[in-house]
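Got your viewer open? Here's a short walk through the model, one selection at a time.

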Amino acid sequence: MALFLLAPCVALASSRTKTDTVYMRNGDKITGEIQSLSQGQLSVKPKYTSTAFVIDWAEVDHLESTQDFVITDPEGKIYTGTLGEGSADRTLAIDKNVSITLPLDSVIQIDQLGETFLKRMRGNFDVGSSFAKSNGQKNLTVQGDLGYQSKQHLFSLDTSSQFSSQKETSDTNETTAKIALFQQLRKSNWYGGGLTNFLSSTEQQIALRSTLGGGVANRLIFTNRTNLTAMGGLAFTVERDAQGAVSTARTKALDSAFAAQYSTFRFDSTTFNTTVWLYPSLTSPGRVRMTLNQDVYHKFLGDFYVRVSFYDNYDNRPVVGAPSNNLGATSTVGWSFH
């Protein structure tokens, strides 16, 4: 589950002028359209370029714009207004009825006021494959993520599929899909919502495991470089095993659900994401399931990146004859859009 918070989609935006100004700490000045700030990267599109480029937020001294923006601070508070230089060094003055000044280090996200729905979509898609002639082994990995954020709501969809075949052995595949929809509670770093997870794995003899649940999440750390979110709740799981498989646990169960997601970013290059889900069963005492996903993204050309992933699906009461752990690693090449 990916948790982010951006600004509201209040109205359809008209064409914005490219008269915003970015003042750099080294004295440079850039005039253009300020598009957004996310993960420590300020996106700016000058009038004389066909595409936007990103600037390291740590190198920015101050901003000036007579156009309205939406700004988010580390506490999840939302501010709207024009942008100007504050009275102290490296501060941002936000003017809209009442003037508010924030240190630049406390400005986590900036978005244009009135962005359309499509402009709020964030996502990526990647694919990887391998082939060994000696044993005829073939592997294909397809992964994709999609997210939408507004002032009070956030949505994420994460999918991953691995397919393998080899001479004289049965083909294997594993597919996961995770969907989450959460709403901010009382303009804080607390969120409430629901989630749905699906898993199909020939290795663990699971035809389809469906988990539907809800709970609350708290964004413990929210900065331009690091995010840490924890969640707790309840989930109902229905499992359909592969044909002929013998289950050692209930196929319908009520579970407690706990999760932690950690992300850290490096300017315009590398992102590290780690997500852990833990499901101690309430109706099958002693049964524990766990999923772990570790992803490293490294940009190498514009919005193209290389992704290395490690995953582990654990069940201490698996189907008879199936392994408790199904783990693996993949490498893919992908493209991100925002």
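What follows is a set of stops, starting with the whole chain and then moving to single residues and pockets.

**Stop 1: the whole chain**

Start with a cartoon view, and keep in mind that this is a predicted model. Colour by secondary structure: the protein chain has 21 strands and zero helices. Turn the view along the principal axes, and the C-alpha atoms fill a box of roughly 70 × 50 × 30 Å. Of the 338 residues in the chain, 46% count as buried. If you like contact maps, take the contacts between residues at least 6 apart in sequence: 52% of them join residues at least 24 apart.

**Stop 2: Asp315**

Now select Asp315, which you'll find in strand 20, residues 304-315. Is Asp315 buried or exposed? Its relative accessibility is 4%, so Asp315 counts as buried, the cut-off for that being under 20%. Show side chains here and look for Arg287: a polar contact of 2.5 Å links its side chain to that of Asp315. Then look along the backbone to Arg317, whose backbone nitrogen sits 2.9 Å from a polar atom of the Asp315 side chain. To see the rest of the surroundings, add Arg209, Val288, Arg289 and Ser324 to the selection; together with Arg287, these are the residues Asp315 contacts once neighbours within four places in sequence are left aside.

**Stop 3: aromatic pairs**

How many aromatic pairs does the structure hold? There are three, and two of them are on this tour. Pick Trp277 and Tyr279 for the first visit: their ring centres are 5.8 Å apart and the planes meet at 10°, so this pair is stacked. Both Trp277 and Tyr279 are buried.

Next, pick Tyr297 and Tyr305. Here the ring centres are 5.4 Å apart and the planes are at 65°, so the pair is edge-to-face. Tyr297 and Tyr305 are both buried too.

**Stop 4: the second largest pocket**

Switch on a surface and go to the second largest pocket, which holds about 330 Å³ of space. Its lining has 20 residues, and those closest to the centre are Asn139, Gln162, Ser164, Tyr311 and Thr330. Which strand gives the largest share of this lining? That's strand 21, with six residues. Strand 21 spans 325-337, and at least two lining residues also come from each of strand 10 (121-132), strand 11 (137-149), strand 12 (153-165) and strand 13 (172-184). Colour the lining by class and you'll get 13 polar, five nonpolar and two charged residues.

**Stop 5: Ser160**

Stay with strand 12 and select Ser160, which has its place there. Ser160 is at 13% relative accessibility, so it counts as buried. Its side chain makes a polar contact of 3.5 Å with the side chain of Gln143. Beyond residues up to four places away in sequence, Ser160 touches Val142, Gln143, Glu174, Thr175 and Thr176.

**Stop 6: cavities, and Gln39**

Time to look inside. Rolling a probe the size of a water molecule over the atoms shows where empty space is left. A search of the whole structure turns up five cavities of 30 Å³ or more. The largest cavity has about 60 Å³ of space. Ten residues is the full lining count, and Gln39, Gln109, Phe222, Thr223 and Asn227 are the ones closest to the cavity's centre. Which classes do the lining residues fall into? Six are polar and four are nonpolar, with no charged residues.

Keep Gln39 selected. Gln39 sits in the loop between strand 2 (29-38) and strand 3 (41-45). With a relative accessibility of 25%, Gln39 counts as partly exposed. Check its backbone angles as well: most residues other than glycine have a negative phi. Gln39 is not a glycine, yet its phi is positive, at about 55°.

**Stop 7: Gln205**

For the last stop, jump to Gln205, another non-glycine residue with a positive phi of about 55°. You'll find Gln205 in the loop between strand 14 (190-201) and strand 15 (206-222). The relative accessible area of Gln205 is 24%, so it is partly exposed.

Technical notes
Residues are numbered from 1 along each chain as its sequence is written. This is a predicted model: local features need pLDDT of at least 70, side-chain atom pairs count only at pLDDT 80 or more; totals for chains, interfaces and linings use all residues. Side-chain values use heavy atoms; hydrogens and water are left out. On a 1 Å grid over the protein atoms alone, a cavity is a set of points where a 1.4 Å probe fits but cannot get out, and a pocket is an open set with protein on both sides within 12 Å along at least five of seven lines; lining residues have an atom within 4 Å of a point. Grid points are joined across faces, edges and corners, and a volume is the space filled by probe spheres set on the points. Ala, Val, Leu, Ile, Met, Phe, Trp, Tyr, Cys and Pro count as nonpolar, Asp, Glu, Lys and Arg as charged, and the others, Gly among them, as polar. Helices (H or I, at least four residues) and strands (E, at least two) are DSSP runs, numbered from the N terminus. Buried means under 20% relative accessible area, exposed over 50%, partly exposed in between (1.4 Å probe, protein chains only). A polar contact is a pair of N or O atoms within 3.5 Å; within protein, one must be able to donate a hydrogen and the other to accept it, and residues adjacent in sequence count only if both atoms are side-chain atoms. Contact means heavy atoms within 4.5 Å. Rings of Phe, Tyr and Trp (its six-membered ring) pair if their centres lie within 6.5 Å; planes under 30 degrees apart count as stacked, over 60 as edge-to-face and the rest as tilted.
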